[in-house]
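Let's take a friendly walk through this model, one strand and one pocket at a time. Have the viewer open as you read.

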Amino acid sequence: MLGADSMASRGCEYHELDEPKVWANRGTMMARDWTLFGACGTPRAIQIAKYGVEPPSPDGACGPVEVLYRWANAFRAVCKDLGYGLDGKDDDGVDFLVGFRGRWYEIQSRGGIVTHPGLYASTGCGGPEARAAMFALLAYSETEREPQALVQAALDASSAVNVHVRAPFNYVEMKVSD
């Protein structure tokens, strides 16, 4: 399960986005598998990632990190071709959280890829608060919650203390491969 807020901010301005910052693609990154994407950054960068980047086809025994590396390079190339981010910031600070085969991967704004070993991960300005909330809920709560309720609680915690995180929240869920 992946969730995101609906806010885009620039300095002291904020805008509620109509389009979710989370999405699912089936069969794009690897064979028939579902891949979840979440992004934080400018709306333009997110739109380029969603609509302008053709996912690479894995060849041979290519693992998830290599496929994500190729995707990140394709994203940066499309940004450059479109003249986006030519102000010295290659991608204007966009980070991606990618869910694939039960693991979380983060593609950082400078192209680094981090594999998150746990059950949860987050990115963006509300990321630390969301991770803290998930940790507390999973470690200290005796009440078992559905995945969306956990993600909702993490987003609520982030929005309660971070002015750059706002509802409404959007969710996307991983489908089981055929």
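Are the residues on the two faces of β6 buried or exposed? Keep in mind that this is a predicted model. On one side of β6 sit D95, L97 and G99, on the other F96, V98 and F100, and all of these are buried. Buried here stands for under 20% relative accessible area. Because six of the six residues of β6 are buried, the strand is largely enclosed by the rest of the structure.

Now follow the chain onward from this strand. β6 and β7 make a hairpin, with two residues between them. In that turn, R101 has a positive phi of about 50 degrees. The pairing of β6 with β7 is antiparallel and runs over five bridges. If you want a landmark in it, look at V98, which stands opposite Y105 in β7.

Next comes the open space. Rolling a probe the size of a water molecule over the atoms shows where empty space is left. The largest pocket has a volume of about 1,100 Å³, and 49 residues line it. Nearest its centre lie L2, G3, L97, A121 and S122; L97 is also one of the buried residues of β6.

Which elements build the wall of this pocket? At least two residues each come from the strands β1 (2-4), β2 (7-10), β5 (34-40), β6 (95-100) and β7 (103-107), and likewise from the helices α3 (127-140) and α4 (147-161). The largest share, six residues, is supplied by α4. As for chemistry, the lining divides into 27 nonpolar, 16 polar and six charged residues.

Definitions and conventions:
Residues are numbered from 1 along each chain as its sequence is written. This is a predicted model: local features need pLDDT of at least 70, side-chain atom pairs count only at pLDDT 80 or more; totals for chains, interfaces and linings use all residues. Side-chain values use heavy atoms; hydrogens and water are left out. On a 1 Å grid over the protein atoms alone, a cavity is a set of points where a 1.4 Å probe fits but cannot get out, and a pocket is an open set with protein on both sides within 12 Å along at least five of seven lines; lining residues have an atom within 4 Å of a point. Grid points are joined across faces, edges and corners, and a volume is the space filled by probe spheres set on the points. Helices (H or I, at least four residues) and strands (E, at least two) are DSSP runs, numbered from the N terminus. Ala, Val, Leu, Ile, Met, Phe, Trp, Tyr, Cys and Pro count as nonpolar, Asp, Glu, Lys and Arg as charged, and the others, Gly among them, as polar. Buried means under 20% relative accessible area, exposed over 50%, partly exposed in between (1.4 Å probe, protein chains only). Two strands pair if DSSP finds at least two bridges between them.
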